[in-house]
Amino acid sequence: MNPLSSADSGAQGSSPWTSSTFSSNFSLARVLLSSSGDRVARPGRKAAPWVAGALCAAMLPFAALGTALAADPGDSAETPTYQQIRVAGPLSDSARDLIRSERLELMGEDDGGFRFVVTPDQVDALEAAGLDFEIQVDDLAAFYESRLVAERLANGGPTTGTGNFGIFHTYDETVDALNLLHAEFPDITTAPFSIGQTLEGREMWAIKVSDNPDVDEDEGEVLFDGMHHAREIMTVEMLLDFSRYLCENYETDPVVTRLVDSREIFFVPIVNPDGFVYNETTNPSGGGMWRKNRRVNDGSSCRGVDINRNYDYEWVGTGSSTDPCSDTFRGASPESEPEIQNHTAFIDSHDFVVWQSYHSVAGMVLFPWGYTSTPTSEDAIYETMAAEMARDSGYQTGQPPEILYNVNGAAFDWGHGATNRHERIFSFTTEISGSGFWPLESERDGLIAENLSSNLYLCKVAGAWVDVAGLEVVDGGDGELLPGETADLVVSISNPSVIYDASGVVATLRCNDPYVTLLDATSTLGSVPAGDEVPATGDPFTVSVDASCPIGRSVTFEIDVEAEGFTNSGAVELRLGSGTVLVHQDFETGAEGWATDPSHSATTGAFVAIDPNPTDFQPGDDTTPAPGTMAWITGQNSSLGTDDVDGGVSATRSAAIDLSGVQSARLELDYFFGQRDAGGDAGDFFRMSLSNDGGATFPVDLVSIGDQTYYANWQHLSVVVDDLLPLTSQMVLRVQAADGTANGDIVEAGIDEVGWFDNGTGNEPPSAPSLSSPGEGDGVPALPTLVVNNAVDPEGDPLTYGFRIWADPEMTQLVASVDGVAEGTGTTSWTSDVALDLDAVYYWRAFAADSESFGAYMAPASFYVGDVTAAPEVEAAALTRMTAGPSPASGDVRIRYYTPKAVHAELGIYDASGRNVRSLPGARWTEGWQEVVWDGRDMSGRRVPAGVYWVRLRMPTEERTLRVVRVD
């Protein structure tokens, strides 16, 4: 993002330049060309051998492919030649002072050293002061351009002379992308609009994504912006991609749909158009290193103002410069630059709750204050939010003076502090990681992906939001839900918005397993405070489990949570008893039979049983219930990067497990993997593999993660072993965590609570039947006949059927039931033996069973007892109708359904196994008949094979399911 400090003033607050700072986590990929062999640092300037040889050799063949770098000699002279240097750590006090006084921009940590962006003048000053350093890249612009051209050439794409940046967007291409987005999604985007013009007369374009985009609704407002600094190309890509992600996933992804419906999300992809276009002019293939805007500074031959030092809040200080030639020149006065005048006026005219300003390339999430190391009064909120924002990326978090350098006149300080102009805005600067300001095109998607959860999170916290956080069994005993038991289930609801409370929170429980009876399916929580997690201990769900339920059966409980006018959903899987334990290893007493695997080659980070110490890439606890403390992990981090995996593969294996005497076995364990610095080394990986020949071979990978940033959280694995390999007396589990050849990576891994269980016979239960009759909402007599289309058993076993009728949509008031109904030909029917009340709506489900276990329920259905034409007013769900046809179909299937007012419908296509093959747009908050066409293709656009499929319509209180048959 920014150089460290000004030349005209000293440090303010505590010094950020400490050895612990520089050993912090900078999630950066390595520079493409790395050194070979050891290099010895010597006083003064020197070029690393690979720069003089390999780099120059790599660049020369492509020089002829490029156009002239400068549009005219005058402009060319203004852009300094930026270089990349490496300074070995730890740094002495004098070295820190020199780096600070020369305003070096830190790019990241490099195997105990630190990479900086410098100009030749700065190199001269460092050399004169006797600092030991090496020049890694002599000319960053040429280096970036040459490798971009080489990559495009290798991929068969355009190289230079095309007037574009390859897959990266130019200014005009960015404007075109915004216009295209609006053309494709006019119902949820505004037309691109200008928030003002720059010094050179270019428009600063913006776009809004929301369900009623042209209306200023009372919804939480979110701002994303990019390109304050003209060389930070990934900031534009991040905003273009996320705005499109919201639009393309609207009405198919429930989280995105609810965000677009309840938020107003604004994007300003290019805050500095003039500087950006200047880089297009000088480096049309990419790689331009101009940073500031294009202000002609009075009394100086140097152009440009750092517009992220020009905001009118703590404008003067150590984190900006008065030198017009400096990259951190703050301008002649606060908000002297039209770009900032336009941007602040736009912000002041709105009610933004959160503001994300993207920069690059240090891999950090930064928040106020930037001008001082003193924290804001909201520091705890910022810390919580930043930690969640960095959950997937592994970026370092904190205030700039804590982890980087002081910043004066910056966007996030003005957003947070200028409350005389607007309400306080929770403002962040995220520095996207990568191999440089212009990363390889192949890095683009990965850098975007590692920040997706952060972007979604910021949209969530701009208003009230609720998520299902967990489900706890309260039975007065072992906390385990067992066959034959009645127990309370306490749901915990979290509110990720650390800003807004969520009120009116009500949770509803659903379950598709016939062994589970819901006795109380509603839980009222009231309010969930901002940033808190609340268990519904005062109003739990209540369920009972049939005594015939097979031990160890996995049951999924679905939970709908209503709050603040919207509904969110979550699912929690519980196992009904553990089953017979064959082997259990919690590592509380040592290795428990685990030993070093022959593939082990790492110099540090061997597996050990120990109480984990928390770092950014290693969780600070085990998973064994108290008083357990130990886990089997790769070394012990006393600090970040100490005794992590280095120099190869850290590998361990279990002792041989004898499963020859059981028909089916289940393996369950907890594991974590943490890695910093992805993308630079294909030799980095994490694997858990399975053998049935004593470890001679490992044909099955249970988990395989390649070279990618991975944030260390404990995760749970559960597999049926005999589905993967024949069971023998020589079953061995192997765990490997590898740090390949690149320097500076941090790799950690661990396992805990390893359990091998007898899984019974391994019987596969039948599929769910589907509704045949009565049709949804049909009128029936008091003794109705219910008919289902038959289920399928994977093993071809004969089936019987069970039917259940309830008096309430939550399906807690059971009024009639039967088990063991013999299967009919094609369909199976049952006539209720309980006379039902007239003029009432009832809800029913059916399931199939083989000789060993029940299958899942079909989707809920309802009927009306009496003449349906005289049906009384009932709740919205009971009025729904749905048709789907033709069936069989070889072409389009037309789906028609009626939605009452204020009902959110989710529509999907499922195959016979229950897998969702396609999500379709459902009507939202509108009354009347809706029509949707399914073209017979799956989510990837491939035509589905012939067979039976199910159209499922999910409403807030119920589901509708119809059967369709596709033929070739």
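Hi everyone, let's start with the inside of this predicted model. The largest nonpolar core holds 113 residues, and the ones with the most contacts inside it are Phe 224, Phe 428 and Phe 557. Helix H8, residues 234-248, supplies the largest share of this core, eight residues. A separate core of 36 residues lies apart from it, and its members include Trp 594, Val 703, Leu 717 and Val 754. As general background, nonpolar side chains in soluble globular proteins tend to be buried together.

Let's stay with Phe 224 for a moment. What does Phe 224 touch, leaving aside its neighbours within four places in sequence? Its contacts include Leu 239, Phe 242, Ile 265, Phe 266 and Phe 267, and also Gln 356, Tyr 358 and Asn 455.

Next, helix H12, residues 379-389. Here Asp 379, Tyr 382, Met 385, Ala 386 and Met 389 are buried. Those residues are on the same side of H12, because they cover an arc of only 130° around the axis. And what covers them? Among the elements doing so are strand S9 (352-360), helix H14 (411-417), strand S12 (426-432) and helix H16 (452-460).

Finally, the empty spaces. The count comes to two cavities of 30 Å³ or more. I'd like to show you the second largest, with a volume of about 40 Å³. Its lining includes Tyr 171, Thr 174, Glu 203, Trp 205 and Pro 269. Helix H7 (171-184) and strand S6 (203-209) each give two or more residues to that lining, and H7 gives the most, with four. By type, the lining residues divide into seven nonpolar, one polar and one charged.

Thanks for listening, and I'm happy to take questions!

Definitions and conventions: Residues are numbered from 1 along each chain as its sequence is written. This is a predicted model: local features need pLDDT of at least 70, side-chain atom pairs count only at pLDDT 80 or more; totals for chains, interfaces and linings use all residues. Side-chain values use heavy atoms; hydrogens and water are left out. A nonpolar core is a set of buried Ala, Val, Leu, Ile, Met, Phe, Trp, Tyr and Cys residues joined through side-chain atoms within 4.5 Å. Buried means under 20% relative accessible area, exposed over 50%, partly exposed in between (1.4 Å probe, protein chains only). Contact means heavy atoms within 4.5 Å. The arc is that of the directions from the helix axis to the C-beta atoms. On a 1 Å grid over the protein atoms alone, a cavity is a set of points where a 1.4 Å probe fits but cannot get out, and a pocket is an open set with protein on both sides within 12 Å along at least five of seven lines; lining residues have an atom within 4 Å of a point. Grid points are joined across faces, edges and corners, and a volume is the space filled by probe spheres set on the points. Ala, Val, Leu, Ile, Met, Phe, Trp, Tyr, Cys and Pro count as nonpolar, Asp, Glu, Lys and Arg as charged, and the others, Gly among them, as polar.
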